[in-house]
Amino acid sequence: MKRIGVFICHCGINIAGTVDVKRVAEEVAKLDSVVYAQDYIYMCSDPGQALVREKIRQEKLDGIIIAACSPSLHESTFRTAAEEAGLNPWQCEIANIREQCSWVHTDRKKATEKAIRIVSTMVEKTRLNESLEPIPVSITKKALVIGGGIAGIQAALDIADSGHKVILVEKESSIGGHMAQLSETFPTLDCSQCILTPKMVAAGKHRNIQLMTYSEVEEVSGYVGNFNVRIRRKAPFVDWSTCTGCGLCMEKCPAKVPSEFDRGLSTHGAIYIPFPQAVPNKPVIDRESCIYFKTGKCRLCEKTCEIGAIKFDQEDQIIEEEIGAIITATGYETLPVTELQEYGAGEVPDVIDGLAFERLLSASGPTSGEVRRPSDGRVPKEVVFVQCAGSRDPERYRPYCSKICCMYTTKHALLYKHRVHDGQPYIFYIDIRTGGKGYEEFYHNAEQDEGIIYLRGKVAKIFRDGDKTIVWGTDTLTGRNVEIQADLVVLATAVVPRESTAELVKKLRIQTGPNGFLSEAHPKLRPVESINSGFFIAGVAQGPRDIPETVAQASGAACKVISLFSRDHLEQDPAIAWVDEELCGGCRICISVCPYDAREYDEEKCIARVNEALCEGCGSCVAACACGATQQRNLSDSQIKSMVTASLGGE
Amino acid sequence: MAKVAYYPGCALKERSSHLDTSARDSAVRLGFELDELPTWTCCGAVPPVSEERVMNLVAPSRILKDVRDSGRDVLITICDFCYNTLKRTNYSIRTNEITRKRINAFLADDEPERDYIEKKDAYWVDYTGEVRVVHLMEYLRDEIGYGNIREKLKRPLSGLKIAPYYGCVMLRPQNEIQLDEPENPSIIEDFIDSLGAETIRYPYRTECCGSYLSVSSPDASTRLCYRILTSAQQHGADAMVISCPLCFYNLDSRQKAIAEAYPDFKPIPVFYFTQLLSVALGVDEGRQGFERHFVDVAPVLDMILQGSGKGDRT
Amino acid sequence: MFEPRIVCFLCTWCTSAGADLAGTSRLQYRPNGVNIKFMCSSRVDPEHVLWAFREGADGVLIGGCHPGDCHYQDGNYRTQARVSLLYRLLDDFGIDRARLRLEWISAAEGTKFAAVMNEFTEELRSLGPIKLAAREMAK
């Protein structure tokens with residue numbers, strides 16, 4: 001008979017406030033095999049873990065249960081503690097009596113009863129647990145970074161600098177992301193291009209970085225250390241290996257396409273590079289707008305190109321790569337102005353979003369840095385900035401704070417004032433949030449010395465009247481309604497995850513939260529990891545954040561990848577399927593259900609086997625096995641049955 | 001001819017009965033009949049401004065239950081307030097179990113006293129929000145179709161510039177009403193378009209006319225109505241079209257007070273949407289009760305009649 | 001009041017994580033279920049469900065990832081196929097189909113997990129305690 005010890009955590013009052021932990025200990029102590037049961041205020045603390053170790057030795061325990069928080073938090077903590085005391089880690093189980101009991105119930109009696117049943121269930125499991133050894137698997141020391149914005153670039157550079165190979169995949173034809181669109185960055189007002197371009201060039205030139213722009217991840221299979229990735233390289237219809245980037249073709253192209261990079265404030269040809277500092281500096285042909293692709297006539301670019309780099313017959317390529325770890329840094333979009341019905345729904349020409357205003361401010365932008373409004377090119381004298389346009393609005397738009405807008409709007413107003421001295425900027429805000437180094441000072445200076453009028457309140461409506469754009473809002477500090485006859489309105493639209501991120505997470509099988517941003521493994525302690533091992537996250541794809549935070553997080557994610565790659569092999573959970581050869585009839589149902597090709601048929605013995613390196617331990621084949629020959633280690637059918645019985649309070 | 005259950009509401013039964021007439025006339029021209037409920041009460045008209053959570057839902061629930069019990073699943077109303085009240089009541093019943101139970105307890109309680117239901121053997125069935133409350137404007141959009149209206153026009157309103165006015169209760173709150181985008185709607189514009197007239201875009205189309213402030217502080221309502229009407233005029237409107245009897249009262253009758261308070265104000269005719277529909281479909285203009293309007297509609301009416309001749313005498 | 005006993009077989013990636021989220025969000029729901037965590041809902045053998053009923057469970061909940069979101073590619077589709085066949089077997093045993101629920105609850109759907117537990121408990125309350133002929137005879 002096994003000697004099982006049960007340790008019940010109070011978690012301060014988090015558990016003990018609702019669950020009578022003393023009673024749980026008393027009741028559990030009566031169960032078969034349980035030789036020791038004790039409660040303690042903080043089991044995860046040093047003294048708590050010491051208690052566990054001490055009792056394992058003293059009571060000669062060969063199985064322990066920690067009744068505490070979710071196993072996703074401290075299972076590894078306690079398994080390590082068990083191992084230190086000489087107990088096999090797979091003999092340590094967690095009974096989740098916090099997230100799934102004390103936090104969700106208020107009736108003390110019922111919660112205590114439930115906690116007893118939860119612990120009894122885990123006692124039953126532990127009674128039949130075997131001691132296991134982790135399965136060593138090899139590791140491919142090559143990383144994939146998805147997204148070529150500042151987060152992806154930083155992560156790729158850090159990993160590459162440590163000596164490992166990186167593939168940097170970017171959907172657009174150039175890396176750079178949104179940061180390349182920005183004019184100057186808060187709070188130091190250094191030029192965004194000037195600090196980003198060197199990094200872009202470094203990423204493009206690094207011998208350990210393979211840049212795959214104009215490419216998208218098609219499919220990911222495998223597991224940590226051993227992913228198989230299929231990447232689609234979209235046909236640019238230009239042979240990039242011979243193209244010199246001279247740009248003649250772009251000058252000749254007769255098509256006019258609104259520039260996405262300039263937020264529609266300028267146009268480029270159907271053959272184009274998104275911006276002059278692009279890396280790689282090679283053009284692509286936009287099939288949708290190309291006159292030749294639409295009508296079968298033109299080919300002007302082909303005639304212009306002396307080296308013959310234009311290739312209309314180019315096709316998409318599929319590239320397969322073996323990868324050890326994946327960083328997702330797919331960034332963000334902003335809520336389209338067309339969705340903001342009360343702010344003109346995109347029909348008022350002089351209502352633009354923050355990124356468009358960045359382009360107006362940018363020296364390399366469509367107006368060469370002069371602030372001119374889209375409708376008639378005049379310099380606007382009254383500019384209204386509207387914060388929280390779609391953010392902090394759970395009823396109509398997004399419930400969360402987009403975090404960067406307070407700062408960038410202040411920056412916008414300031415830069416506008418620097419360019420148009422007699423102009424008047426107004427900022428409508430709900431609260432000004434300036435958490436960050438030097439941020440409050442930046443705001444304070446703008447508010448005190450730059451003549452920006454801050455109005456605390458929401459804007460109710462924006463519409464066009466003649467050549468003016470009328471803004472109706474409220475100043476809640478004076479309690480008055482405000483009407484401003486503006487020349488230009490800039491909306492700080494909500495930061496939202498990219499639409500394509502939703503597609504991508506399905507391929508990667510990682511999680512997103514309710515607002516579509518990527519979920520981290522732990523909101524505080526594992527902020528750059530996905531819950532699925534081998535997947536890391538960085539940048540705004542995880543939630544709104546500014547550049548310094550994004551860069552820090554990207555380096556953090558890179559560091560996690562490097563630490564993974566520093567090992568010779570990885571350890572795989574051994575709680576996988578195995579076959580009782582005596583029972584197996586060789587029907588091969590298991591082979592048909594396995595999603596990983598981990599089940600194979602032994603022609604000689606006429607039985608099915610498990611390939612331990614490939615088995616992920618989902619248990620699908622175990623449930624499918626008709627004769628009970630396939631079982632899952634430490635989750636066998638007999639374990640489950642006694643767990644079920646115990647969960648019902650026993651018979 | 002298809003019959004659709006119809007709830008006129010108090011305003012259209014009494015003070016504004018001419019609007020009721022125009023709605024019925026138009027329906028017939030479009031091939032359906034507004035079949036007034038045999039008995040009905042006031043809808044209450046106050047849930048939007050009431051603190052009470054259940055009592056004010058009893059009257060509208062009773063109306064809705066009667067429609068359900070008569071074997072029909074659609075109820076048309078042409079008054080924004082009735083529409084708002086009935087639809088929101090239905091929403092509460094559909095989505096809130098506690099409200100549903102309490103309402104049905106009230107309804108069951110007063111059942112025996114209602115003399116017209118003499119079905120002693122009828123067993124009680126809880127009302128669970130089965131009826132769909134539909135604004136006539138919505139019915140025209142979704143069931144009749146603008147194309148159909150266009151085909152049946154006898155006197156297209158071509159050349160007429162009309163400013164739509166939505167008021168506040170027709171579209172809000174959006175999650176409960178779901179008729180159109182409340183901040184940037186298009187249903188009345190599309191309706192005007194189907195009558196062959198030109199729509200005027202002006203900023204005040206979804207702003208409040210003052211509603212019941214008309215009673216407690218008429219000056220506030222006067223100021224609001226002045227802004228709405230002058231803005232429409234400045235943008236070139238010949239007339240206003242609305243779908244709420246209270247807005248109608250405010251925007252039409254209040255023009256007297258507006259003219260006194262604002263010397264620069266010029267009157268502008270106000271039409272109920274059913275009146276314009278009815279005239280455009282060829283119903284005699286004499287049946288529209290235009291004589292009951294405060295502002296003379298003759299200039300606009302003349303434009304319509306000159307364009308297309310006299311209507312049929314029905 | 002009758003307190004039904006519910007066995008919940010939850011997959012670790014979605015539904016159990018969703019149940020954890022219900023906890024971190026401090027949502028309150030009925031304490032009638034005890035969760036048994038599997039790696040994937042496809043580990044649930046129909047026999048486990050029948051065993052639960054045999055052992056006196058008034059209801060069984062199986063929770064998996066939404067279709068297309070399975071961590072193991074297509075495990076949840078297998079679960080669904082098995083459950084639909086199992087329903088026919090339940091008919092033969094005279095067990096009301098409403099006593100077995102299959103729900104797709106993602107890691108972001110703590111609210112849904114809490115709502116399902118409440119709803120299921122209410123439903124089982126109205127069905128009353130499970131009665132199995134075999135058990136009655138054994139007594």
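How much area is buried between chain C and chain A, and what percentage of it do carbon and sulfur atoms give? Keep that question in mind as you start; the model you're looking at is a predicted one.

## Exercise 1: The interface of chains C and A

Work out how much area chain C and chain A bury, who takes part, and which contacts cross over.

**Step 1.** Start with the area. Between chain C and chain A about 4200 Å² is buried, and carbon and sulfur atoms give 54% of that.

**Step 2.** Now look for the big contributors on one side. In chain C, the residues that lose the most area to chain A are P31(C), V34(C) and R43(C), which together make up 16% of what that side buries.

**Step 3.** Count heads. Chain C brings 49 residues to the contact, and chain A brings 49 residues too.

**Step 4.** Check the charged pairs. The rule finds three salt bridges across this interface of chain C and chain A. Take K641(A) and E47(C): they form a salt bridge, with their closest N and O atoms 2.6 Å apart.

**Step 5.** Find where the chain C side comes from. β1, α1, β2, α2 (46-54) and α3 (75-93) of chain C each give at least two residues to the side touching chain A.

**Step 6.** Add the polar contacts. Across the interface of chain C and chain A there are 26 residue pairs of this kind, both partners at pLDDT 80 or more.

## Exercise 2: The other neighbours

Find out what chain B does with chain A, and where chain B stands relative to chain C.

**Step 1.** Go to chains B and A. Here eleven residues from chain B meet nine residues from chain A.

**Step 2.** Look at the area. Chain B and chain A bury about 830 Å² between them, with 45% of it on carbon and sulfur atoms. On the chain B side, E183(B), N184(B) and P203(B) lose the most area to chain A, together 53% of what that side buries.

**Step 3.** Look for charges and polar pairs. Three salt bridges cross the interface of chain B and chain A, one of them between E181(B) and R396(A), whose closest N and O atoms lie 2.6 Å apart. The polar contacts between chain B and chain A come to eight residue pairs, both partners at pLDDT 80 or more.

**Step 4.** Try chains B and C. These two don't touch, and their nearest C-alpha atoms are 12 Å apart.

**Step 5.** Rank the pairs. Two pairs of chains are in contact, and chains A and C share the most contacts.

## Exercise 3: One helix, two faces

Decide which residues of α4(C) are buried, and what covers them.

**Step 1.** Get the helix's length. α4 (residues 110-127) of chain C has 18 residues, and its first and last C-alpha are 26 Å apart, close to the 26 Å expected at 1.5 Å a residue.

**Step 2.** List the buried residues: G110(C), F113(C), A114(C), V116(C), M117(C), F120(C), T121(C), L124(C) and R125(C).

**Step 3.** Look down the axis. The buried residues of α4(C) fall within an arc of 165°, so they line one face of the helix.

**Step 4.** Turn to the face pointing away from that buried side. There you'll find T111(C) and S126(C), which are exposed.

**Step 5.** Ask what sits over the buried residues. The cover includes β1 (6-11), α1 (15-24), β2 (33-38), β3 (59-64) and β4 (100-104) of chain C.

**Step 6.** See what comes next. G128(C) follows α4(C), and its phi is positive, near 85°.

## Exercise 4: Salt bridges within a chain

Take two salt bridges, K468(A) with D487(A) and R287(B) with D25(B), and say what each links and whether the partners are buried or exposed.

**Step 1.** Begin with chain A. K468(A) and D487(A) form a salt bridge, their closest N and O atoms 3.0 Å apart. The pair links distant parts of the chain: K468(A) is in strand β25 (residues 468-475), D487(A) in the loop between β26 (480-486) and β27 (488-493), 19 residues apart.

**Step 2.** Apply the cut-off: buried means under 20% relative accessible area. At 5%, D487(A) is buried, while K468(A), at 25%, is partly exposed.

**Step 3.** Widen the view. K468(A) and D487(A) belong to a salt-bridge network that also links D350(A), R373(A), D376(A), R378(A), R464(A) and D467(A).

**Step 4.** Move to chain B. The side chains of R287(B) and D25(B) meet in a salt bridge at 2.8 Å, N to O. R287(B) is in the loop between α14 (273-280) and α15 (298-308) of chain B, and D25(B) is in helix α2 (residues 17-29), 262 residues apart.

**Step 5.** Use the cut-off again. D25(B) counts as buried at 14%, and R287(B) is partly exposed at 32%.

Technical notes:
Residues are numbered from 1 along each chain as its sequence is written. Chains are lettered from A and ligands numbered from 1 in the order in which they are written. This is a predicted model: local features need pLDDT of at least 70, side-chain atom pairs count only at pLDDT 80 or more; totals for chains, interfaces and linings use all residues. Side-chain values use heavy atoms; hydrogens and water are left out. Helices (H or I, at least four residues) and strands (E, at least two) are DSSP runs, numbered from the N terminus. The expected span of a helix is 1.5 Å times one less than its number of residues. Buried means under 20% relative accessible area, exposed over 50%, partly exposed in between (1.4 Å probe, protein chains only). The arc is that of the directions from the helix axis to the C-beta atoms. Contact means heavy atoms within 4.5 Å. Buried area is the accessible area (1.4 Å probe) that two parts lose on being put together, summed over both. A salt bridge is a side-chain nitrogen of Lys or Arg within 4 Å of a carboxyl oxygen of Asp or Glu. A polar contact is a pair of N or O atoms within 3.5 Å; within protein, one must be able to donate a hydrogen and the other to accept it, and residues adjacent in sequence count only if both atoms are side-chain atoms.
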